[in-house]
Amino acid sequence: MNLEHNADIPSAATPESNIRVWLIEDNDAYRRSLSRVIDLLDDCVCEYDFDSAESAIRRFREGRQPDVVLLDIGLPGIDGITAIGQIREIYPDCKLVILTVFDDHDRIFGAVCAGADGYLLKTSSNEDIERAIREVLAGGASMTPQVARKVLTLMNHSRPTVDDSGLSPREMEVLSRLVEGMTKEEIGVALGISRHTVDKHVRAIYQKLHVNTRAGATAAAIRRGLV
């Protein structure tokens, strides 16, 4: 049975400026608890929560668009990593954060390659989850520290390959900072260029690496030994 809940909050309490969060989680108790946590944040609302990816994807196909989706990997039916790809096809700009108990290399790398903007473990505090929501909306990549260490390990053990990406030296500088998790504003400050110029370089990087997200660029950079 697929359960779907629409946060029953008066429209006056959910202005357009609120961050709309969707949850995809099959553990009923955890889903309800996290939904309440999100609703208590100053400018966030848990607009919908689902116990399956299929239910959420149906909503996406109806034209609904959240700002951030928090989703588990071990879901019944369509798993979280597969769901990321399907959601990206419908709504490429959606921010997707994995929230799971799994911290093995294969799932982490699979999620990053699929286009996840963040990867948190369920042991994360409420503050960590709130920080992740805000970081991905600001253009950053949010990861639990132990997950970030594993990503660095993957990077350090990736075999350098012939660079046929066609990236310019400046684009390589921007890419390395994207992989480090810096926001576009931080990249601009670090390189002494405007946000507009950073955006231009990021679009070129995505095009040359054949990806659509920061996470995809990170995965491609690791896989091809560019960083």
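In this predicted model, helix α4 spans residues 105-114 and has I108, A111 and V112 buried. These three share one side of α4, because the arc they cover around the axis is only 95°. Right after the helix comes G115, whose phi is positive, at about 120°.

Then there is the partner of α4. Helix α3, residues 80-90, packs against α4 with the axes 9 Å apart and an angle of about 5° between them. Since angles under 35 degrees count as roughly parallel, α3 is roughly parallel to α4. On the α3 side, I81, I84, G85 and R88 make the contact, and they meet R107, G110, A111 and A114 of α4. Sorted by class, this contact of α3 with α4 comes out as 4 nonpolar, 2 polar and 2 charged residues.

Both helices also feed into the largest nonpolar core, a set of 26 residues. I24, F60, V69, L71, L96, I98 and Y119 have the most contacts inside this core. At least two core residues come from each of β2 (19-24), β3 (44-50), α2 (53-61), β4 (68-71), α3, β5 (95-100), α4 and β6 (118-121). Helix α2 gives the largest share, 4 residues.

F60 deserves a look of its own. With neighbours within four places in sequence set aside, F60 is in contact with W22, P66, V69, I87, I90, Y91 and C94. Apart from the largest core lies another one, made up of 19 residues, including L167, V174, L175 and A221.

Note on methods
Residues are numbered from 1 along each chain as its sequence is written. This is a predicted model: local features need pLDDT of at least 70, side-chain atom pairs count only at pLDDT 80 or more; totals for chains, interfaces and linings use all residues. Side-chain values use heavy atoms; hydrogens and water are left out. Buried means under 20% relative accessible area, exposed over 50%, partly exposed in between (1.4 Å probe, protein chains only). The arc is that of the directions from the helix axis to the C-beta atoms. Axes are lines fitted to C-alpha atoms, for helices over the stretch in contact, and angles run from 0 to 180 degrees between N-to-C directions. Angles under 35 degrees count as roughly parallel, over 145 as roughly antiparallel, 65 to 115 as roughly perpendicular and the rest as oblique. Contact means heavy atoms within 4.5 Å. Ala, Val, Leu, Ile, Met, Phe, Trp, Tyr, Cys and Pro count as nonpolar, Asp, Glu, Lys and Arg as charged, and the others, Gly among them, as polar. A nonpolar core is a set of buried Ala, Val, Leu, Ile, Met, Phe, Trp, Tyr and Cys residues joined through side-chain atoms within 4.5 Å.
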